[in-house]
Amino acid sequence: AAYSSELPAVIIIGAGVIGLLSALRLAQAGLAVEVFEQGDPATESSWAGLGVLSPQAASDRPREFLTLAQASLALFPALADELRALTKIDVDLRREGLLQVGLDDDEWQALRADAEMQRAAGVPVQLLSADEARAREPVLSVEARGALCFVNGWQVDNRLLNWALLTAATAAGVRR
């Protein structure tokens, strides 16, 4: 798009996942948005990340955080569908769950306690024996005592997610 001298209503610093999604939503709401990024958009940290969508694994967070994180995670499948419809880019949302492994007795006990806290916050988790964990992840260390499975531990291809967000934001009129 050609550069316009019109001042944007919103300026966003950073063209990673958060910046691009914010820009997209604001542009969809009818605001003029411009994104500034020091490097190439949709790269840097968001490009290098693992694409793990498992905020509930942060057991040291308050219960309210876990509740908010679960609500946020529940919105992601609709976002993935929307991006596919807008851009024809599939972000490869995978929902196989996430394992947090206890490699010794202390870690295993901590995971058991964490499971109770997670359940109390409404987070769907499963405690797996070492054999059950190895059935899900065959290359798991023989040292493993067990694992906590975050059922809603999902993953995306973060590079495709970034590209889809950049494509959708640009198509929505976001300037950069």
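Biologist: Which elements each supply at least two residues of the lining of the largest pocket?

Modeller: They are α1, α2 (44–48), β3, α3, α4 and α7. The largest share, five residues, comes from α3. An element here is a DSSP run, either a helix (H or I, at least four residues) or a strand (E, at least two), numbered from the N terminus. This is a predicted model, where local features need pLDDT of at least 70 and side-chain atom pairs count only at pLDDT 80 or more, while totals for chains, interfaces and linings use all residues. Residues are numbered from 1 along each chain as its sequence is written, and side-chain values use heavy atoms, with hydrogens and water left out.

Biologist: Why is an open set of points called a pocket and not a cavity?

Modeller: On a 1 Å grid over the protein atoms alone, a cavity is a set of points where a 1.4 Å probe fits but cannot get out, whereas a pocket is an open set with protein on both sides within 12 Å along at least five of seven lines. Lining residues have an atom within 4 Å of a point. The largest pocket has 25 of them, and the closest to its centre are Val17, Ile18, Leu53, Phe76 and Leu161.

Biologist: What is the volume of the largest pocket?

Modeller: About 640 Å³. Grid points are joined across faces, edges and corners, and the volume is the space filled by probe spheres set on the points.

Biologist: How do you know that the span of α4 is close to the one expected?

Modeller: The expected span is 1.5 Å times one less than the number of residues. Helix α4 (residues 76–87) has twelve residues and reaches 16 Å from its first C-alpha to its last, against an expected 16 Å, so the two are close.

Biologist: What makes a residue of α4 buried or exposed?

Modeller: The relative accessible area decides: under 20% is buried, over 50% exposed, and partly exposed lies in between (1.4 Å probe, protein chains only). In α4, Phe76, Pro77, Leu79, Ala80, Leu83 and Thr87 are buried. Their arc, taken from the directions from the helix axis to the C-beta atoms, is only 160 degrees, so they lie on the same side of α4. Ala78 and Ala85 are exposed, on the face turned away from that buried side.

Biologist: Which elements do the buried residues of α4 pack against?

Modeller: They pack against α1 (17–28), β3 (52–53), α3 (63–74), β7 (154–155) and α7 (158–171). Contact means heavy atoms within 4.5 Å. Just after α4, lysine 88 takes a positive phi of about 65 degrees.
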